[in-house]
Amino acid sequence: MNRRNFILSSLLAATLPIQATPIHRPKFPKSPFTLGVASGDPTPEGFVLWTRLALEPLEKGGGMPPEPVPVTWELALDSGMKDVIRKNSTSAIPGLAHSVHVDIAGLKSDREYWYRFRSGDYFSRTGKTKTLPAETSDSKKIRFVTTSCQNYTHGYFVAYDHIIADQPDFIMHLGDYIYDTSFGEDFRKHDRDESPESLEHFRQRHALYKREIHLQNAHARIPFFSMIDNHDAVEDLTEGNMAKRAAAYQAWYEHMPVRGYPFAGANQFDLHRNIKLGNLLQINFLDTRQFRSKRDVCNTGIGSSLGFGNYRERCQDLFEENRTILGKDQTDWLVNKLRSSQSIWNVLASPGPFLPFRIRNKNKELGYIGAWDAYPENRKEIIRAINQSEGHPLILSGDMHSFWALDSSFDKSLDVGTPLTEFVSSSISANWPEPLSKPVTVSLKSNNQVKFYNGEKRGYFLHEVHKDTWQATAKAIVSTKKRNSESFALAKFIVSRGESGFRTTKEI
Ligand SMILES: [Fe+2]
């Protein structure tokens, strides 16, 4: 943007000795709200409201001047923004890409609110959000979505149209909100072919994704809980990639409605959360990338190439006692949350799959290296804590770009104790290519715990939780290659409280 077009009147006012009526409105040549609005991290008494000012979102600095810009926000009880109950001003600073995070507390639980931002003469669109039910409330019903993995180059984010129509209380985004690369599939192109490296690169990648109208619409209507996964940021921290990870974390924060980012340039960002929804359910939302032991083990033999190196022989290194996917602090936190839970449903939300899956290849047994199968000792510790906890356990995950429903009571090799059910959501748009899917499909017969699998469809899981039943619907998108596409229920699964496994409308 031409700097001369931008007159930051409020700053000028501050430098002038006499100014009877300071003008607090910057002048923009067009709306700076090109990336939409969002809400997230809801609690019973509040949420985070987000926007980012960017006149030219794909340009360096978002086409904004390298100066703080005043932004006003309003919170109302009605969609017309007539009954405003909170209003204040803040400053969008260039050090955080002119993003705005407003953390609001002290609101009523379990009710809808509307919000919008204003900067200069422009208003943002009006967003809608909702607080969670009070932790002590006798909540009767919660409806939410789990999904993940939106690769811009593989298709449109049309799944969000159907998520909006389902009217969930919130969306749990299990990670891979952006992708570093296209993996060779070029349905459409990223802002650059190479992976992002610098803060500016990551900002541009996020801006490209945030420009998608399906995603903007979802953010403007439904609060998100979000987690970083391996395509959002590098997973194993080394001396060589510390700056890149810090850039990825910062850009992720700048574009997400989340709280808790410690400071610009931070290389650590505590995102694991315990979400309580009345006494109906608690969800322990896990970070399985940031604090884990090194991923790159057992890197020899067949496993070094199968599934792009994701399926590896289960060598001795996996079974080291101290090997951890959550890290010690998060493991202790989770064990404590599980043991102290008094909720009817006791849920783990993990970016990657939790229950074992054995891949057969040339008489060898392999496992997926990107999730809990590569951290069996840490998994045992968590299963022990689940066995000692109250409430019906359930696991929700993603990362596999395919739909799965698993019932651990059908796996005789598992020393699980309490039978566990897991629903793995498919992706918003990221594909599930043959080198990854074929080793899975040929191994399904020897994995009796997998009661349902679909590798063809993209989509999400819709969860409708009641006191005595949990209904999980695998919602598939007909085609992510079309901006408008229908959805349909691939299968429905009903879990009855106190009974192992689930009933289903379809099986593999
Ligand atoms: Fe993914």
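Strand 13 and strand 15, the latter spanning residues 345-350, pair in the parallel sense over 5 bridges. I should state at once that this is a predicted model. Within that pairing, phenylalanine 285 has alanine 349 of strand 15 as its bridge partner.

Let me turn to the other neighbour of strand 13. Strand 12, residues 273-277, pairs with strand 13 in the antiparallel sense, again over 5 bridges. Two positions illustrate the register: isoleucine 275 stands opposite isoleucine 283, and arginine 273 has phenylalanine 285 as its bridge partner in strand 13. Phenylalanine 285 is thus bridged to arginine 273 and to alanine 349. The hairpin formed by strand 12 and strand 13 has 3 residues between the strands, and glycine 278 there takes a positive phi near 55°.

How is strand 13, residues 281-285, covered? Mostly covered is the description that applies, as 5 of its 5 residues are buried. In general, side chains in a regular strand alternate between the two faces of the sheet. In strand 13, Leu281, Ile283 and Phe285 point one way, while Gln282 and Asn284 point the other way, and all are buried. The two polar residues, Gln282 and Asn284, are therefore included among the buried positions.Next, the sheet as a whole. Seven strands form an open sheet with mixed pairing, in the order 12-13-15-18-20-19-21. Strand 12 and strand 21, residues 450-454, stand at the edges with a single partner strand each, so one side of each is left without a neighbour in the sheet. From one strand to the next, the twist averages 15°.

I close with the packing. Which residues of the largest nonpolar core touch the most other members? In this core of 127 residues, they are Ile171, Met172, Leu281, Ala349 and Trp404. Helix 5, residues 242-254, contributes the largest share, with 7 residues. Why does the core lie between domain 1 and domain 2? Domain 1 (3-33 + 52-130) and domain 2 (133-504) both give residues to this core, so it lies between them.

Two of the core residues just listed belong to elements already discussed: Leu281 is in strand 13, and Ala349 is the bridge partner of phenylalanine 285 in strand 15. As for isoleucine 171, its contacts, leaving aside neighbours within four places in sequence, are Phe144, Val145, Thr147, Ile163, Ala218, Ile222 and Phe224.

Note on methods
Residues numbered from 1 in each chain as written. Predicted model: local features only at pLDDT ≥ 70, side-chain atom pairs only at ≥ 80, totals over all residues. Buried ≥ 20, exposed ≤ 12 C-beta atoms within 10 Å, placed from the backbone. Helix = DSSP H or I, 4+ residues; strand = E, 2+ residues; numbered from the N terminus. Pairing = 2+ DSSP bridges. Core = buried A, V, L, I, M, F, W, Y, C linked by C-beta atoms within 7 Å. Domains from an automatic or database assignment. Contact = placed C-beta atoms within 7 Å. Axes fitted to C-alpha atoms, helices over the stretch in contact; angles between N-to-C directions.
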